[in-house]
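Please work through the following exercises with the sequence and the predicted model side by side. Each task is followed by a solution in steps.

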Amino acid sequence: YNLLITGVGKVNATYNLTKRLQIDGSMNYDSRINLVINYGTAGSRKIKKKTLVDCTKFIQRDMDVTGLGFMRGETPFEDDPPLTIKSTSEFNPINRNALCGSGDNFVEDKTNYYGEVVDMEAYALAKVCYKRQVPFISFKYITDGADEQAHEDWEANLAQGIEEFHKRVISKID
């Protein structure tokens, strides 16, 4: 497998995935890459902790220009991609199809919660793949409840996720 660690946040994720998809730093893209699988952690108020879920729908939870008449999550003056980006991956051994809300903040309160799970990178990765027409799917290990204890729960549950990801996803890849 061709592993890429993107770093934390939408900007790092976008930059590093775009760079990986390019050939030798040019604007040409590597057609041999036929699927991008993202793994990471997430918080959720709807799915119990220590659960691995597949995310197949992605929104920006921190894009908020409702004061200008746009919908929450909508990027002004952008018709494509749609408000919710949907996965085109045929590979999905979990098949729950969760909605992931990405934003550049760690959610510990109710003011910025949007989606079944919340993370900091998946929307950005999904958008790059959508624009480059590369199938994308994201698997998130629910470490916390996106609440006041999120930072403690995240640290306590972080290590178990990769084992679950390997057992339920990596072992299924041909």
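**Exercise 1. Cysteines**

Determine whether cysteine 100 is buried or exposed, and find how many disulfides the whole structure holds.

*Solution.* Begin with the surroundings of the residue: cysteine 100 has a relative accessibility of 0% and therefore counts as buried. Next, look for a partner. The closest cysteine sulfur to that of cysteine 100 belongs to cysteine 55, at 4.4 Å, which is too far for a bond, since a disulfide requires the two sulfur atoms to be within 2.5 Å. Then repeat the step for cysteine 129, which is likewise buried, at a relative accessible area of 1%; its closest cysteine sulfur is that of cysteine 100, and the 14 Å between them is again too far for a bond. The search of the whole structure accordingly returns zero disulfides.

**Exercise 2. Helix H2**

Establish which residues of H2 are buried, and what phi glutamine 133 takes just after H2.

*Solution.* First delimit the helix, which runs over residues 122-132. Then list its buried members, which are Ala122, Tyr123, Ala124, Leu125, Ala126, Lys127, Val128 and Cys129. Because eight of the eleven residues are buried, H2 is largely enclosed by the rest of the structure. Finally, step past the end of the helix: glutamine 133, just after H2, takes a positive phi of about 60 degrees.

**Exercise 3. Backbone geometry in the loops**

Locate the cis peptide bond that involves proline 81, and state where phenylalanine 77 and asparagine 95 lie.

*Solution.* As background, most residues other than glycine have a negative phi, and most peptide bonds are trans. Start with the peptide bond between aspartate 80 and proline 81, which is cis, with omega at about 10 degrees; proline 81 is found in the loop between strand E2 (52-60) and strand E3 (85-86). Phenylalanine 77 also lies in the loop between E2 and E3, and although this residue is not a glycine, its phi is positive, at about 65 degrees. With a relative accessible area of 79%, phenylalanine 77 is exposed. Turn then to asparagine 95, placed in the loop between E3 and strand E4 (98-102), where its phi is near 65 degrees, a positive value in a residue other than glycine. Asparagine 95 is exposed as well, with a relative accessible area of 52%.

**Exercise 4. A residue of helix H3**

Decide whether glutamate 155 is buried or exposed, and how far its C-alpha atom is from that of aspartate 144.

*Solution.* Glutamate 155 belongs to helix H3, residues 150-168. Its relative accessibility is 62%, over the 50% cut-off, so glutamate 155 counts as exposed. Aspartate 144 is eleven residues away along the chain, and the two C-alpha atoms are separated by 9.0 Å.

**Exercise 5. The overall fold**

Describe what pattern the protein follows along the sequence, and how its radius of gyration compares with the globule rule.

*Solution.* The protein has three helices and six strands, which follow one another as α-β-β-β-β-β-α-β-α. Its radius of gyration is 16 Å, close to the 16 Å that the globule rule gives for 174 residues, so the protein is as compact as a globular protein of that length. Of the 174 residues, 43% are buried. Among contacts with a separation of 6 or more, 75% join residues 24 or more positions apart. To finish with the surface, the accessible area is about 9800 Å², and carbon and sulfur atoms contribute 51% of it.

Technical notes:
Residues numbered from 1 in each chain as written. Predicted model: local features only at pLDDT ≥ 70, side-chain atom pairs only at ≥ 80, totals over all residues. Heavy atoms only, no water. Buried < 20%, exposed > 50% of the residue type's maximum accessible area, 1.4 Å probe, protein only. Helix = DSSP H or I, 4+ residues; strand = E, 2+ residues; numbered from the N terminus. Rg over C-alpha atoms; globule rule 2.2 N^0.38 Å. Contact = heavy atoms within 4.5 Å. Areas by Shrake-Rupley, 256 points an atom, 1.4 Å probe, with all protein chains shown as cover.
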